[in-house]
Amino acid sequence: MLSLTIMAITFGVIFLAELPDKTALAGLMLGTRYKASYVFVGVAAAFAVHVVLAIAAGSVLTLLPQRLLQAIVGVLFLAGAAMLLFKKGEGDEDVKPPADQSFWKVSGAGFMLILVAEFGDLTQIMTANLAARYDNPLSVGIGAVLGLWAVAGLGILGGRTLMKRVPLRLITKVAACLMLALAGFSLFEAIAG
């Protein structure tokens, strides 16, 4: 039985938790380079998969050792920052569109990026916890998916708008710095644990 209250609570919690997360940053970066609708389809599909996994797993993800999880997340952020900082061939104003902007390539890239980046993420764990707490997986699942899709849409559209006003090189450097900060925070949590 669907509960609008549970859907609204879940939407609000997941939306607020995901807004400052790496996913909005990933959506922003993809939105600067690819057709927004193609990116959104891939990202939306990946989020749907994550929500299904979180609902199915219940609270199993919370049983992972927190230190190990934070260390893995920190290393992934470092790798992402390094990829952004050391990527070659990008000029300030002379941004060339990717050679292949086909629907399957672009949506597949968005799907894979989010699928990998979101494993063990806070919102996935929160979704599992909300599903266990409310014992209404359908309402929690719908609220979580809508919250994640809303953040992704904002990130992708924000990337398009930002590209009109700010050079890609600056956006890339800021994104890399944010990822380095998140890596430091995650690794600190893993060590201080």
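What follows is a walk through a predicted model, from its overall make-up to one cavity and three residues.

Some ground rules come before the results. Residue numbers start from 1 along each chain as its sequence is written, and side-chain values rest on heavy atoms, with hydrogens and water left out. In this predicted model, local features need pLDDT of at least 70 and side-chain atom pairs count only at pLDDT 80 or more, while totals for chains, interfaces and linings use all residues.

Confidence is given as pLDDT, the predictor's confidence in each residue, from 0 to 100. The protein has a mean pLDDT of 76, with 75% of its residues at 70 or more. Over residues 89-98, pLDDT stays under 50. For that stretch the model has twelve contacts beyond four places in sequence, a contact being heavy atoms within 4.5 Å. Where pLDDT is low, the predicted coordinates should not be read in detail.

As for secondary structure, the protein has eight helices and zero strands, so the element string from the N terminus simply reads α-α-α-α-α-α-α-α (DSSP runs numbered from the N terminus: helices are H or I with at least four residues, strands E with at least two). Among contacts with a separation of 6 or more, 95% join residues 24 or more positions apart. Of the 193 residues, 41% are buried (buried is under 20% relative accessible area, exposed over 50%, partly exposed in between, with a 1.4 Å probe and protein chains only). The exposed surface comes to about 10,400 Å², and carbon and sulfur atoms supply 73% of it (Shrake-Rupley method, 1.4 Å probe; for residues, only the protein chains shown count as cover).

Next, the empty space inside. A cavity here is a set of points, on a 1 Å grid over the protein atoms alone, where a 1.4 Å probe fits but cannot get out; lining residues have an atom within 4 Å of a point. Grid points are joined across faces, edges and corners, and a volume is the space filled by probe spheres set on the points. The count comes to one cavity of 30 Å³ or more, and the largest cavity holds about 50 Å³ of space. The elements that give two or more residues to its lining are α3 (36-57) and α6 (122-134). Helix α3 gives the most, with four residues. The full lining is F47, H50, V51, A54, E118, T123, Q124, T127 and L148. By type, it divides into four nonpolar, four polar and one charged (Ala, Val, Leu, Ile, Met, Phe, Trp, Tyr, Cys and Pro are nonpolar; Asp, Glu, Lys and Arg charged; the others, Gly among them, polar).

One of these lining residues, V51, sits in helix α3 and counts as buried because its relative accessibility is 5%. Leaving aside neighbours within four places in sequence, V51 touches T127, G141, A144, V145 and L148. The C-alpha atoms of V51 and V140 are 9.0 Å apart, with the two positions 89 residues apart in sequence terms.

Helix α3 also holds A56, but A56 is exposed, since its relative accessible area is 67%. From A56 to P137, 81 residues along the chain, the C-alpha separation is 8.5 Å.

Finally, G143 belongs to helix α7 (residues 137-165) and is buried, at 2% relative accessibility. Beyond its neighbours within four places in sequence, G143 is in contact with M7, T10 and F11. G143 and S3 are 140 residues apart in sequence, yet 9.9 Å apart C-alpha to C-alpha.

Terms used: On a 1 Å grid over the protein atoms alone, a cavity is a set of points where a 1.4 Å probe fits but cannot get out, and a pocket is an open set with protein on both sides within 12 Å along at least five of seven lines; lining residues have an atom within 4 Å of a point.
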